[in-house]
Amino acid sequence: VQLADLQYDVHIGSDVYDLFSTKYRQLLSSADQIGIIADETVAKHHLPVLCNALQQAGVEPKLKVVPSGEQCKTAEVYIDCQSYFLRENFTRQSILIAFGGGACGDLTGFVAATYMRGIRFIQCPTTILSHDSAVGGKTAINLPEGKNMVGSFHQPSAVLFHTDLFQTLPPREMRSGLAELVKHAFISDADWSYELLRKENFTSPSVEWLSTELLKGIQVKADIVAEDTFEHSSRKFLNFGHTFGHAVEAVYGYGGLSHGECVVIGMVYSLIASEQYGEIESSFTNEFIDFAKANGYPFEPVHEHSFEAFLPYMLKDKKATFGNMHFILLQNLGLPFVQQMTIPVCHQIFDELK
Ligand code: NAD
Ligand code: ZN
């Protein structure tokens with residue numbers, strides 16, 4: 001990931017933790033202390049893998065275990081982490097390691113961004129979805145008033161994506177992360193998009209296939225982040241499917257459905273709008289719906305609620321300005337653009353989606 005003033009590498013594979021003893025030995029030894037913030041479930045399954053690799057590199061890390069998944073992105077857990085590292089005498093020269101999915105990565109990144117005004121951190125992501133979230137430097141926690149509303153941009157020093165850890169991922173989390181892969185394809189490459197939709201056993205792929213495909217997704221994200229780190233322009237394209245998807249997620253109370261499952265519904269919504277404002281064919285939208293249903297992505301939310309249930313959340317989107325809703329649509333596959341849409345148009349697209 002090449003940014004204006006810094007760069008870092010993203011590694012993917014089953015031997016990436018060996019890099020602690022080689023490529024990253026110097027980075028680790030430049031720290032007076034190393035702290036791991038670990039998702040509780042991930043720690044239970046996989047902590048020895050990480051700790052053994054760190055020990056090989058001569059590191060004895062301090063460990064802070066946090067609640068699994070989204071439960072860790074609270075102000076309470078955030079303060080608890082800060083206090084813990086203060087009590088352990090961490091300094092500006094210390095380094096944190098995030099060990100978990102996107103939620104743990106977002107929390108750890110924000111703890112690192114703000115601990116003594118900012119220290120370094122390493123991402124060791126453990127979900128498919130975190131091929132998206134671990135790259136790009138967005139960090140945040142949630143407030144009762146809204147998700148990701150307190151945060152900052154803080155880039156990791158490295159991202160080490162260990163593919164063996166996926167073996168314990170529940171099928172729903174697998175589906176969730178693969179939805180973001182489809183998003184990366186839709187906004188960047190028509191041929192790749194068709195390949196994904198026609199892939200057999202899409203939600204139970206081999207590790208080799210996953211490694212190659214996630215790397216492609218990471219490259220899309222890295223290129224966009226390099227071009228527009230602070231989301232003034234093209235980084236908005238990564239939000240494809242998310243304006244309506246976030247509304248679905250909010251109505252379902254963060255937990256009923258996974259993030260990626262909500263984004264799939266959001267992508268169908270955006271494809272329907274793209275038929276109107278771009279050149280997407282309805283046959284493609286239908287192929288995507290068939291693909292999603294065949295792979296177990298649920299569509300109940302569309303039938304269980306009226307447009308009015310989703311609208312307030314669409315208007316609350318961070319990308320909405322002055323009450324206008326901005327959607328990422330596709331001129332064609334691989335060609336995203338920003339389109340402002342009025343409430344009546346949004347309503348009409350919802351009716352079509354239904
Ligand atoms: P998650 O971190 O909430 O993890 C989902 C569940 O999977 C949790 O219960 C967790 O304990 C479990 N889990 C994680 N790894 C596992 C493993 N290897 N084996 C077994 N269980 C495992 O989910 P996620 O989908 O990775 O991340 C979602 C979060 O990412 C959201 O908070 C979202 O806001 C954030 N996000 C951030 C960005 C960004 O750019 N910073 C981008 C997209 C999403
Ligand atoms: Zn997402």
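Me: What is the place of L311 in this predicted model?
Reply: In this predicted model, L311 sits in helix α13, which covers residues 307–315.

Me: What makes L311 partly exposed, rather than buried or exposed?
Reply: L311 has 16 other C-beta atoms within 10 Å. A residue would need 20 or more to be called buried and 12 or fewer to be called exposed, so with 16 L311 counts as partly exposed.

Me: How many residues lie between L311 and Q93 along the chain, and what separates them in space?
Reply: L311 and Q93 are 218 residues apart along the chain, and 46 Å separate their C-alpha atoms.

Me: Why is M116 called partly exposed?
Reply: The count for M116 is 14 other C-beta atoms within 10 Å, and since a buried residue needs 20 or more and an exposed one 12 or fewer, the value falls in between, so M116 is partly exposed. M116 is placed in the loop between α4 and β5 (120–125), and its phi is near 50°, a positive value in a residue other than glycine.

Me: How do you know that N148 counts as partly exposed?
Reply: N148 has 16 C-beta neighbours inside 10 Å, and because the limits are 20 or more for buried and 12 or fewer for exposed, N148 belongs to the partly exposed residues. N148 is found in strand β7, and here too phi is positive in a residue other than glycine, with a value near 55°.

Me: Which elements of domain 1 touch domain 2?
Reply: The domain assignment gives domain 1 as 10–167 and domain 2 as 174–353, and 16 residues of domain 1 are in contact with 21 residues of domain 2. On the side of domain 1 that touches domain 2, the elements giving two or more residues are β1 (10–13), α5 and β7 (146–153), and the residues of that side divide into seven nonpolar, six polar and three charged. Taken over C-alpha atoms, the centres of the two domains are separated by 27 Å.

Me: Where does the largest nonpolar core lie with respect to the domains, and why?
Reply: The largest nonpolar core has 100 residues, and among those with the most contacts inside it are I37, L96, F99 and V268. Helix α10 (residues 259–277) supplies the largest share of this core, 10 residues. Domain 1 and domain 2 both give residues to the core, so it lies between them. In soluble globular proteins, nonpolar side chains tend to be buried together.

Me: What makes G35 a contact of L96?
Reply: Two residues are in contact if their C-beta atoms lie within 7 Å, and G35 is listed with I37, T108, V111, A112, I119 and F121 as the contacts of L96, once neighbours within four places in sequence are left aside.

Me: Which residues are closest to ligand 1, and how many surround it?
Reply: Ligand 1 is surrounded by 30 residues, of which the closest are G69, G101, G102, T127 and S133. The shell divides into seven nonpolar, 16 polar and seven charged residues, and its largest share, four residues, comes from α4.

Me: What does the UniProt record say about residues 65–175?
Reply: An unreviewed UniProt entry annotates residues 65–175 as "domain: 3-dehydroquinate synthase N-terminal". Over these residues the chain is 32% helix and 30% strand, and the end C-alpha atoms are 26 Å apart.

Note on methods
Residues are numbered from 1 along each chain as its sequence is written. Chains are lettered from A and ligands numbered from 1 in the order in which they are written. This is a predicted model: local features need pLDDT of at least 70, side-chain atom pairs count only at pLDDT 80 or more; totals for chains, interfaces and linings use all residues. A residue is near a molecule or strand if its C-beta atom, placed from the backbone, lies within 6 Å of it. Ala, Val, Leu, Ile, Met, Phe, Trp, Tyr, Cys and Pro count as nonpolar, Asp, Glu, Lys and Arg as charged, and the others, Gly among them, as polar. A nonpolar core is a set of buried Ala, Val, Leu, Ile, Met, Phe, Trp, Tyr and Cys residues joined through C-beta atoms within 7 Å. Domain bounds come from an automatic or database domain assignment. UniProt positions are given in the numbering used here, feature names are shortened, and annotations may be inferred rather than shown by experiment.
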